[in-house]
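Student: I would like to go through the terms used for this protein and check each one against its definition. Where should we begin?

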Amino acid sequence: MPSAPVANLPPGYLTTTLESKTNFFVAGAGPLISGVSKPLHLGRSTNVWQTTLKNADGRVVAVVTQTQMVLAPRPAAPDGKVK
């Protein structure tokens, strides 16, 4: 699920996972499992995302809820190294 949280960050910011919970409902069956991520909360310091994964027949395989911390860029020292 990192692509949605990363794509919504301001330039130069990073993210890390604080919490992740997955509920499994049925066995995932290929050849294709699709996923849709949506933000439940987009805050200044945390974001909460929910991803729903579905089989090709439309049955929900799993729902993942993640809390992501938003990390501001760290200033560089005069020598160019990050503090």
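Tutor: Begin with one glycine, and keep in mind that the model is predicted. Gly 58 has a relative accessibility of 41%.

Student: Why is Gly 58 called partly exposed?

Tutor: Buried means under 20% relative accessible area and exposed means over 50%. At 41%, Gly 58 falls in between, so Gly 58 counts as partly exposed.

Student: Where is Gly 58 in the chain?

Tutor: Gly 58 sits in the loop between strand S3 (46–54) and strand S4 (60–71). Its C-alpha lies 9.1 Å from that of Ile 33, and the two residues are 25 positions apart in sequence.

Student: What share of the residues is buried?

Tutor: Of the 83 residues in the protein, 19% are buried, with the cut-off again under 20% relative accessible area.

Student: How do you know that the protein differs from a compact globule?

Tutor: Set the radius of gyration against the globule rule. For 83 residues, a compact globule would be near 12 Å, whereas the protein has 17 Å. The C-alpha trace spans about 55 × 25 × 15 Å along the principal axes.

Student: Which elements make up the fold, and in what pattern?

Tutor: The protein has one helix and four strands, and along the sequence they follow α-β-β-β-β.

Student: What makes S2 and S3 a pair?

Tutor: Two strands pair if there are at least two bridges between them. S2 and S3 have eight bridges, in the antiparallel sense, so they meet the definition of a pair. Val 36 is placed opposite Thr 52 in S3.

Student: What is the order of the strands in the sheet?

Tutor: The four strands form an open sheet in the order S1-S4-S3-S2, with antiparallel pairing.

Student: Why are S1 and S2 called edge strands?

Tutor: Each of S1 and S2 has a single partner strand, so one side of each has no neighbour in the sheet. From one strand to the next, the twist averages 20°.

Student: What is the peptide bond from Gly 30 to Pro 31, cis or trans?

Tutor: The bond from Gly 30 to Pro 31 is cis, with omega near 15°. Most peptide bonds are trans. Pro 31 is in the loop between strand S1 (14–24) and strand S2 (34–42).

Student: How much of the contact count comes from residues far apart in sequence?

Tutor: Among contacts with a separation of 6 or more, 51% join residues 24 or more positions apart.

Definitions and conventions: Residues numbered from 1 in each chain as written. Predicted model: local features only at pLDDT ≥ 70, side-chain atom pairs only at ≥ 80, totals over all residues. Heavy atoms only, no water. Helix = DSSP H or I, 4+ residues; strand = E, 2+ residues; numbered from the N terminus. Rg over C-alpha atoms; globule rule 2.2 N^0.38 Å. Buried < 20%, exposed > 50% of the residue type's maximum accessible area, 1.4 Å probe, protein only. Contact = heavy atoms within 4.5 Å. Axes fitted to C-alpha atoms, helices over the stretch in contact; angles between N-to-C directions.
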